[in-house]
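Hi,

Here is the structure I promised to pass on. Have a look at it first, and my notes follow underneath.

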Amino acid sequence: MTTLSPETAGNAGSVAGSPVMTLRGVEKHFPIKEGALQRVVGQVRAVDSVSFDIRRGETLGLVGESGCGKTTLGRCVSGLTEPTAGGIYFRLSDEDRTTLDGVLAVAEEDRSPEQKQLLTRIDHGHRLDLLDASARRIYRRNCQVVFQDAFSSLNPRHLVKDIVGRPLRVYKEASGSDLTERVVSLLESVGMGRQHLYRYPHQFSGGQRQRISIARALALDPDFIVLDEPTSALDVSVQAQILNLLHDLQQQRGLTYLFISHDLGVVRLMSDRIAVMYLGRLVEHGTAEELFETPRHPYTQALLAANPDLSADPDVEMKGLEGTVPDPANPPQGCRFHTRCPVAVALCGWEVDDAVSWLSESATFPDTLTDVERRSDFDATLVFADEASARSVAATLSGPAVPTAMAAALETVSVEDRKVVIRFTSVDEVALEDLGLGHLTSCILYTVRK
Amino acid sequence: MTAPAASPPTRSTAPLVISVKDLQVHFKVKTGVVHAVDGVSFDVRDGETLGLVGETGCGKTVTARSFLRLVKTPPGIYAGGRIDFWSGDARRSGAGPVDLLRVPDREMLAIRGDRIAMIFQDPAKALNPSMSIGDQVAEVLYQHRSDDLVDDQPEHVPRMLRRASRQLTTGPERLALRLPPWRKRASRLRRRGDELVAAALAETQIANPRKIMDRYPHELSGGMKQRVMIAQALACNPDLLIADEPTTALDVTVQARILELIADLQRRHGTSVLYISHDLSLVRQMCDRVAVMYAGRIVETGNTRTVFSDPLHPYTRGLMAAVPSASQKRGELLAIEGNVPELIDPPASCRFHTRCGFAVALCEQADPELLEIRHGHGVACLAYASAGKLGVPNAALPLVDGSTR
Amino acid sequence: MAVRVRRLADVAREVLRNPTTVAGLVIIVMLLAIAILAPVLTTPNVPDPYQMPRDWTMRDAPPGTPGHPLGTTSTGGDVFYGVLWGARTSLQLSVIVVSITVTVGVIVGSLAGFIGGRLDEILMRVVDVFLAIPELIFALAIAAVLGPSFNNIIFALSVVFWVKYARIIRGQIIHIKQNDYVDAARVTGDSKFSIYRKDVLPNSITPVMVQATMDMGGIVLTAATLSFIGLAEAGLAEWGVLVSDGQAGISAGKWWASTFPGMMVFLWALAFNLVGDGLRDVLDPRTERR
């Protein structure tokens, strides 16, 4: 599990205040069920050991491609989904956070009774899944969400007044004409007005619906709003309106945002700090300027190189990535990005699956592979139907066609009859490393240099 | 990727492939007639990439779909104008163009997928989930390239085999083709088909086409599916490729690869491309020329480089300022206020006047034409119109920074 | 609220635009009028008005006979009386059965769909068992075991018909639950039941309403089938019973005793089907949000 040391987490985002949300080793796995009995045959590891803080008044951008787990993480933070493991803490004081990190740094079985007591106290006061009723109510009021799809996020049968006024009704904050006035002032704060009270969502354009969504999120005057791709479904001219509005509201109300998006331009504009996710894990984390000026992780660099930017030199070509995102039910060992990484080295986590998928991509791979006997992710025996194919595969694997990094990680290739034994150097998962000034990255290249 | 600079300056003299004149496509709805495309004119020349850029509902997709008459009628109505198309053969033989809006259905079938091909936004929806990749690509070949399938046959090609090459055989014929003496020739035909399919897939840099051919769409990633679509579209080496938001459903890292691929294939085959996108930065990267659409009209057109470095129309300017980029500050994006107007029976006025910061009274009364201001750079804005022709005093015209009176 | 009334008026206008729906509505209104006015148009039989009055002296009288405008049956029952009071029987039957089945179906389907998990598994297996047996045969079996009585037919139909609604509403709810507005309501902190009541149920219920409208017709048809084969009390003023009484005489040219009640069954089923179809077109969420 990756845990931030208190110092590094404290350094990040020096402008902002105490953390509103503190994530420690958050995991969310979805079971894959199969057959009539719905037996669990595997886990999709949507989010894996993610830790960071979201500090008061700042915007944390969460960026990554589809399927990287950013939306799932957003749902965990907003309390819509419970994480499988790890903790999400609400309004932890700096002191408690330091204590928490201290306790979490100790392995569970080695914790002293006092440490356990401390943990229990913090958990029950702040951890989302363990909050008591009144603390939960405070959390629920103070953490709101704006969803991507403004069409499905508004109940088609409710009037705007009921939609925006609903949180006020739930908390019995207002009723009757008082409620109406509160709703009007909320609508006005998002650039709409009294004339929209008695209309249905389908009577509005996408941008207006998103404004209604924002008004609803503001109704209880929350501290913190999760913005899940709030402008992805909008046209650029309307997107600009909404982004400006979100910025103004943040200034006026001192809001904290978790801004989830796949659009690097938007994230860069809106965020103070940015976390980049790939295949369920955080690969880089730092201030917006740092991350865009000096991206460290090869994946971040690839994202930036592929991102079209209107202000950039038009003659600079966009560069894409080879291959596809691996299956999150069976993520690569070591660094999860190594299968597509242009600068991968031997220590990046090459494993049996990489060899098999590389072999099966090649045109000469025989169809006679009958079994893969695994001793570990890094050590296996490939069983073929005949001796000749085993020999040719072994030859291919020790030949010059193998990617250099993979070849360097390959310790043994040996043939016995119809079997080929392959063994790779075994590697642990890569942890986030602090590069200074709250810029963290999980790339082996920086770990080694240290 | 082709940078606009790489395009030769003689491009404007290259022969025409498509010439759209005053195209009007309307849709009948309960409350009136929606003028989705309302008097659009542009040309696509041989080997060039024209970008059609605009926001949702501006009519760019409807324009492209009417090239292949894919707009459903009703509710659609081809209300006017023409789309002249010169196929490669027509250009070589000096024959005139055909009007795509009026060619007989049979001829349209022969053009679709063969002379003009289209790639769609969502490859997951455009591929048939119950057909193997190989069969789907082969379908295009059977439809349009049946002669290529039989041209390696050793002797005279009997009729039944020809029919087989078009997939027109009946049940008994298919049975006969499985038995001697036909079996050998039929399997040769199939092998030939597979070869052509594999070659088409290899063109799109699919590493292992023979293996991909046996797979089904759900087994492939989004980027891979889009490659298959491109292979299918380019299998017959069309004169015009219509790419309708080909990368909108893809991740950025994959998008870059697909665009690279399209540009590369275009360079090698000399295909003209009509590239439709809402993303200004992609259009700037991909296209030689660009046409900006708003509310069913083209408001600005010209060389990509000029339009992007010196946009004339207030809408184009607004659109470019609204895109978040590294140089912009938070909260200071220049949004275009308001929303796209209703296009039901629109009045004769500038469509943009409701959202335009420079609009004056005249903009509500006069409908600006697309006028060529500089060489190849046209704009439809009254600020650039001639007061004399409109019969109004100079002072009645709106004043947009840099517009000349 | 005025806006909501206007919306309802919009739906009504939309419904009235379709001529076949209007035709269905007209027939339904006529049938309802018949059912309501039956005690006025005929002299109710004593002691039980739902029993056909019998006049043993006037057996097999053809239509147009004075006092018996639609003729009489082979047992001297007045066909006119049977047709009119049959409408009353049918109305009661369909309203009772539809209310019971919709209520049970929606409750079971909602529990399965909204709560989900293990409960969903169990309830849906139960539903599967019910669905494995053909409706008519299942209802027939139950009614036959309980003995010939119209109340037993009502009971049998209720047991059989709820399953459909459970299925429909469960599917709808699972679909509606995925909408972001449900998550948005959870984020506001609203209770589960309130979310179900405000967000989930109102958006899931329309297909049930359409099905219920159609079943208003279908149930009468099925009930007529059951009473035709003798599962209702003899002499009951019910269309199926009348058709059954008259069918022996058809070959002898005495067509009236079966034809008039048969037509009523046909009209009743047709009318509700037409209206159901019209409702589906209007309430379909894809066409609704224009």
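Reading chain C along its sequence gives α-α-α-α-α-α-α-α-α-α-α-α, that is, 12 helices and 0 strands. Helices (H or I, at least four residues) and strands (E, at least two) are DSSP runs, numbered from the N terminus. Before you go further: this is a predicted model, where local features need pLDDT of at least 70 and side-chain atom pairs count only at pLDDT 80 or more, while totals for chains, interfaces and linings use all residues. Residues are numbered from 1 along each chain as its sequence is written, and chains are lettered from A and ligands numbered from 1 in the order in which they are written.

Staying with chain C, its C-alpha atoms fill a box of roughly 75 × 45 × 35 Å along the principal axes. Of its 290 residues, 43% count as buried (20 or more other C-beta atoms within 10 Å of the residue's own, with C-beta atoms placed from the backbone; exposed is 12 or fewer, partly exposed in between). For contacts (C-beta atoms, placed from the backbone, within 7 Å), I looked at pairs in chain C with a separation of 6 or more: 71% of them join residues 24 or more positions apart.

Now the chain pairs. Of the 2 that touch, A and B have the most contacts. There, 37 residues of chain A meet 44 residues of chain B. On the chain A side, α9 (236–253), α10 (264–270) and α12 (298–306) each supply at least two residues, and α9(A) gives the most, with 9. By class, that side has 15 nonpolar, 13 polar and 9 charged residues (nonpolar: Ala, Val, Leu, Ile, Met, Phe, Trp, Tyr, Cys and Pro; charged: Asp, Glu, Lys and Arg; polar: the others, Gly among them).

Chains C and A also touch, through 15 residues from chain C and 22 residues from chain A. In chain C, α7 (180–188) and α8 (192–204) each supply at least two residues of that side, with the largest share, 7 residues, coming from α7(C). The classes here are 5 nonpolar, 4 polar and 6 charged.

And chains B and C? No contact joins them, and their closest C-alpha atoms lie 10 Å apart.

Last, the inside. The largest nonpolar core (buried Ala, Val, Leu, Ile, Met, Phe, Trp, Tyr and Cys residues joined through C-beta atoms within 7 Å) has 308 residues, and A:Leu258, B:Val137 and B:Leu274 have the most contacts inside it. Leaving aside neighbours within four places in sequence, B:Val137 is in contact with B:Val197, B:Ala200, B:Leu201, B:Val228, B:Ala231, B:Gln232 and B:Ala235.

Cheers
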